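Open the model in your viewer and set it to a cartoon view. Keep the selection tool at hand.

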Amino acid sequence: MIKVGVIFGGESVEHEVSIITAVQAMNYMNKSKYDVVPIYISKDRNWYTGDALFDMATYKNLELVPSLTKEITLTKKGTRFILQAKNGLFKGSVDTIDVAFPIVHGKGVEDGSLSGYLDSLGIPYVGPSMLGAAIGQDKIVQKQVMAACGIPVVDFVWFYDNDYIEDNTKILSDIKKMGYPVIVKPARLGSSVGISVAKSEKEIDEAILEAIKYDEKICVEAMVPNLLEVDCAVVGNYKNMECSLIGEMITDNDFLTFEDKYLAGGGKGGKSGAKSGGKIVNSGFKIPAELDKKVEEDIYKYAKEAFRCLNLSGVTRFDFLVDKKNKKVYVNEPNTIPGCLAFFFYTPKGKKYDKLLDEMITTAIREYKEGKKKVTSFESNVLSTFDGAKGAKGKMQS
């Protein structure tokens, strides 16, 4: 049986969302194939494990979680990946895992930080590499990469917080040229945290200052006219990928808010969603969306192209902006570890949640084995002829 360490939490404003997604996923994993080991990262960055982490009731008071679990560190000994007790007289092994499954959201974890740590240990893990995760977390860099790959993105203006605070004249001028209304976002957050719409010059300052509360980099995007917001997920890796059905966002707001996603409807219960007129409605989505054939084809095409060019793996949910009148499609942003892992986009296709999770774990293990075949070091030791600092200095000067 494969031991899967599900890692979640972290110092992020999306900490609680990560818990919801992870507990849900752990409950859906095939227990006849996988031995699931929960690994919780608290808001002060300590790591814990224990059976209590399977129960949502454990998280009603986050301060009590340490008393119900064991504090651990993840380390490697030989070929084994060990959860080692951090405190106590005997700091022995608490458990072991074979593969890591990060289910984290936001800055400090989803942004490549956790992927890089797992890479340094050499453990197979589900989801994007450090590079893919880092690009996927930065709304500015991802747009620059996608635009370079010929993938359509909306016009945008970006800047650092100090640029705006010290002299915002040019920034406000560039935004005005782009035209109102605009949507203002912290560049490296998710779950719609810190996002707001400015419909005029009177509203832009307040919107930018709100975003600055959450991040140093700010992205201001032009709003698409005749807007329809849809989402499409992609599962797999650069070799093999499968798109989900397309879902239409359902909200009374100018964009899908945090409350739409997690505090109402399907997002609250975390189940497969209620049915409405033959459509599956979940977390603010109607699946499948009713789209023009050309628009649908473009969405599937750009979803796969973006998944590949952004170096992604696992499952990613892409947000799309559609100009309904002109039938023009823009990729808004990827969600590299989406809430609920976007399983409800695949359920109507006949792919149940446990099957989706199984595919993600299998892909991670396959990628790991293929990566082991690549050359990562040379047998020759260049240090064997190294003659010390003096010799090195002489060679550098010659």
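This tour goes from the whole chain to a sheet, its helices and some ring contacts.

**Whole chain**

Remember that this is a predicted model. Select the protein chain. It holds 13 helices and 18 strands. Of its 398 residues, 52% are buried. Now think about contacts with a separation of 6 or more: residues 24 or more positions apart account for 66% of them. Switch on the surface. The accessible area is about 19,200 Å², and carbon and sulfur atoms hold 52% of it.

**The seven-stranded sheet**

Next, find the open sheet of seven strands. Its order is 6-5-4-3-2-1-7, and the pairing is mixed. Which strands form the edges? Select 93–97 for strand 6 and 99–102 for strand 7; each of these pairs on one side only. On average, neighbouring strands in this sheet are turned by 40° against each other, direction ignored.

Select residues 2–9 and 34–41. These are strand 1 and strand 2, which run parallel and are joined by eight bridges. Strands of a sheet pair through backbone hydrogen bonds, either parallel or antiparallel. Show Ile-2: it stands opposite Tyr-34 in strand 2.

**Helices on the sheet**

Add residues 15–28. This is helix 1, which packs on the sheet and touches strand 1 and strand 2. Its direction makes about 160° with that of strand 1.

Then add residues 353–372, helix 12. Helix 12 lies across strand 1, strand 2 and strand 7. It runs at about 125° to strand 7.

**Aromatic pairs**

Show the aromatic side chains. There are 13 aromatic pairs. Zoom in on Tyr-28 and Tyr-353. Their rings form a tilted pair, 4.8 Å centre to centre, with 50° between the planes. What does this pair tie together? Tyr-28 is in helix 1 and Tyr-353 in helix 12, so the pair links parts that are 325 residues apart in sequence. Tyr-28 is partly exposed, at 30% relative accessibility. Tyr-353 is buried, at 3%.

Move to Phe-285 and Phe-345. This pair is edge-to-face: 5.0 Å centre to centre, 65° between the planes. Phe-285 belongs to strand 16, and Phe-345 to the loop between strand 18 and helix 12, so the pair ties together parts 60 residues apart in sequence. Both Phe-285 and Phe-345 are buried.

Now widen the selection. Ring pairs join Tyr-28, Phe-285, Phe-343, Phe-344, Phe-345 and Tyr-353 into a cluster.

**Last stop**

Select Trp-158 and Lys-217. The charged end of Lys-217 sits over the ring of Trp-158, 5.3 Å from the ring centre.

Key:
Residues numbered from 1 in each chain as written. Predicted model: local features only at pLDDT ≥ 70, side-chain atom pairs only at ≥ 80, totals over all residues. Heavy atoms only, no water. Helix = DSSP H or I, 4+ residues; strand = E, 2+ residues; numbered from the N terminus. Buried < 20%, exposed > 50% of the residue type's maximum accessible area, 1.4 Å probe, protein only. Contact = heavy atoms within 4.5 Å. Areas by Shrake-Rupley, 256 points an atom, 1.4 Å probe, with all protein chains shown as cover. Pairing = 2+ DSSP bridges. Axes fitted to C-alpha atoms, helices over the stretch in contact; angles between N-to-C directions. Phe/Tyr/Trp six-rings, centres within 6.5 Å; stacked < 30°, edge-to-face > 60°. Lys NZ or Arg CZ within 6 Å of the ring centre and 35° of its normal.
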